[in-house]
Amino acid sequence: IVIPLLNQRDTWLRQCVLSVLRQTVPAEVVVVCSPRTCAKNWGTLRALEKQSRRLRTCAQKGDGFAAAINQGFRKAKGGRIGLLLSDDWLRPDAIEKCLACDGDIVSTGFTCFAGNGVEEFDSLSSDPRCTVYHDLATLEEKAFYLTHFFLFRAAKIVEAGGLDESIGDAPGIDDYDFIWTLLEHGARVSIIEERLYCYRDHKGQRLTLRAPAEQEGNLVRILTKHGIRPEEQEEILRRHSAWFGKPLHRVLTDAQ
């Protein structure tokens, strides 16, 4: 499981890493630390490394979210590689259930938690359905529908070339553009209709909380890359833009 790390609250980082090390099946963890990762985070990881040989930490070469994930993909040794963000954590049996599926992309639902990691926002949680996914007409819609937790077949990651580092640190670079690219390469999809990923909805550092104008510009680059004509981009931008710059629960509160 690859975890890209910029800076994170140590309690959240510890929960994230331990959620992998304590899975019902053994799993390797690769944490890729940014050049800007703080000393406290490094200390937390070093302490956890003493508890398990399945945790490997490395300093990122270069900078950027996509580059960190790609470096982690290259360092991972398994035939399946998962992606976990340092704010979040996994249900104890997430990997075991995903390994039972044969897809190049295995996607699950998620539970949305408040920043305290206890209070659940049920109306913002994801309950994926295979029937809904297969009825979607376009690859863009399918990529938008699939959510963390993701477990990928390593060979398909190599075939697709990993994440596109030229786009920059755009929201969706890992769970929209990359999924779209994999689908363009014929990736087979398996969906587990359970919430196996735990998403922490907070007001701190997340790509989705960047300035809305920056996010819109990045999304246009993604759409253009995938051949979406300018006249077709407006509806997709409208669908995404409600979430730009705000935690999910804030968007819901404003809508009400």
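**Exercise 1. Place Leu90 in the structure, and work out whether it is buried or exposed.**

*Solution.* Start with the location: Leu90 sits in strand E5, which covers residues 89–90. Keep in mind as you explore that this is a predicted model.

Next, look at accessibility. The relative accessible area of Leu90 is 4%. A residue counts as buried when this value is under 20%, so Leu90 is buried.

Now look for its partners. Setting aside neighbours within four places in sequence, Leu90 is in contact with Ser19, Val20, Gln23, Leu84, Ile95, Phe149, Leu196 and Tyr197.

Finally, try a distance: Leu90 and Thr111 are 21 residues apart along the chain, and their C-alpha atoms are separated by 10.0 Å.

**Exercise 2. Val20 is one of the partners of Leu90. Find the helix that holds Val20, and describe what Val20 touches.**

*Solution.* Val20 belongs to helix H1, residues 10–21. Its relative accessible area is 0%, so Val20 is buried.

Leaving out residues up to four places away in sequence, Val20 touches Ile1, Ala27, Glu28, Val29, Arg54, Leu84, Leu90 and Ile95. Leu84 and Ile95 appear here, and they are also listed as contacts of Leu90.

For a C-alpha distance, take Val20 and Arg53: they are 33 residues apart along the chain and separated by 13 Å.

**Exercise 3. Check the span of H1 against the expected value, then decide how far the helix is enclosed.**

*Solution.* First, the span. H1 has 12 residues, and from its first C-alpha to its last it reaches 16 Å. That is close to the 16 Å expected at 1.5 Å a residue.

Second, the burial. In H1, 9 of the 12 residues are buried, so the helix is largely enclosed by the rest of the structure. You can tick them off: Asp10, Trp12, Leu13, Cys16, Val17, Leu18, Ser19, Val20 and Leu21.

A helpful reminder: an α-helix has 3.6 residues a turn, so residues three or four places apart point the same way.

**Exercise 4. Do the same burial check for helix H3, and look at Gly64 beside it.**

*Solution.* H3 runs over residues 65–75, and 9 of its 11 residues are buried, so H3 is largely enclosed by the rest of the structure. Those buried residues are Phe65, Ala66, Ala67, Ala68, Ile69, Asn70, Gln71, Gly72 and Phe73.

Gly64 lies in the loop between strand E3 (55–59) and H3. With 15% relative accessibility, Gly64 counts as buried. Gly64 and Asp174 are 110 residues apart in sequence, yet their C-alpha atoms are 12 Å apart in space.

**Exercise 5. Find the peptide bond between His148 and Phe149, and say whether it is cis or trans.**

*Solution.* Read omega: it is about 15°, and the bond joining His148 and Phe149 is cis. For background, most peptide bonds are trans. Phe149 lies in the loop between helix H6 (139–145) and strand E7 (150–153). You have met Phe149 already, as a contact of Leu90.

**Exercise 6. Step back and describe the whole chain: how many helices and strands does it have, and how compact is it?**

*Solution.* Count the elements: the chain has 11 helices and 8 strands. Its radius of gyration is 17 Å, close to the 18 Å that the globule rule gives for 256 residues, so the chain is as compact as a globular protein of that length.

Then add burial: 55% of the 256 residues count as buried. Last, consider contacts with a separation of 6 or more: residues 24 or more positions apart account for 79% of them.

How values were computed: Residues numbered from 1 in each chain as written. Predicted model: local features only at pLDDT ≥ 70, side-chain atom pairs only at ≥ 80, totals over all residues. Heavy atoms only, no water. Helix = DSSP H or I, 4+ residues; strand = E, 2+ residues; numbered from the N terminus. Rg over C-alpha atoms; globule rule 2.2 N^0.38 Å. Buried < 20%, exposed > 50% of the residue type's maximum accessible area, 1.4 Å probe, protein only. Contact = heavy atoms within 4.5 Å. Expected span 1.5 Å × (residues − 1).
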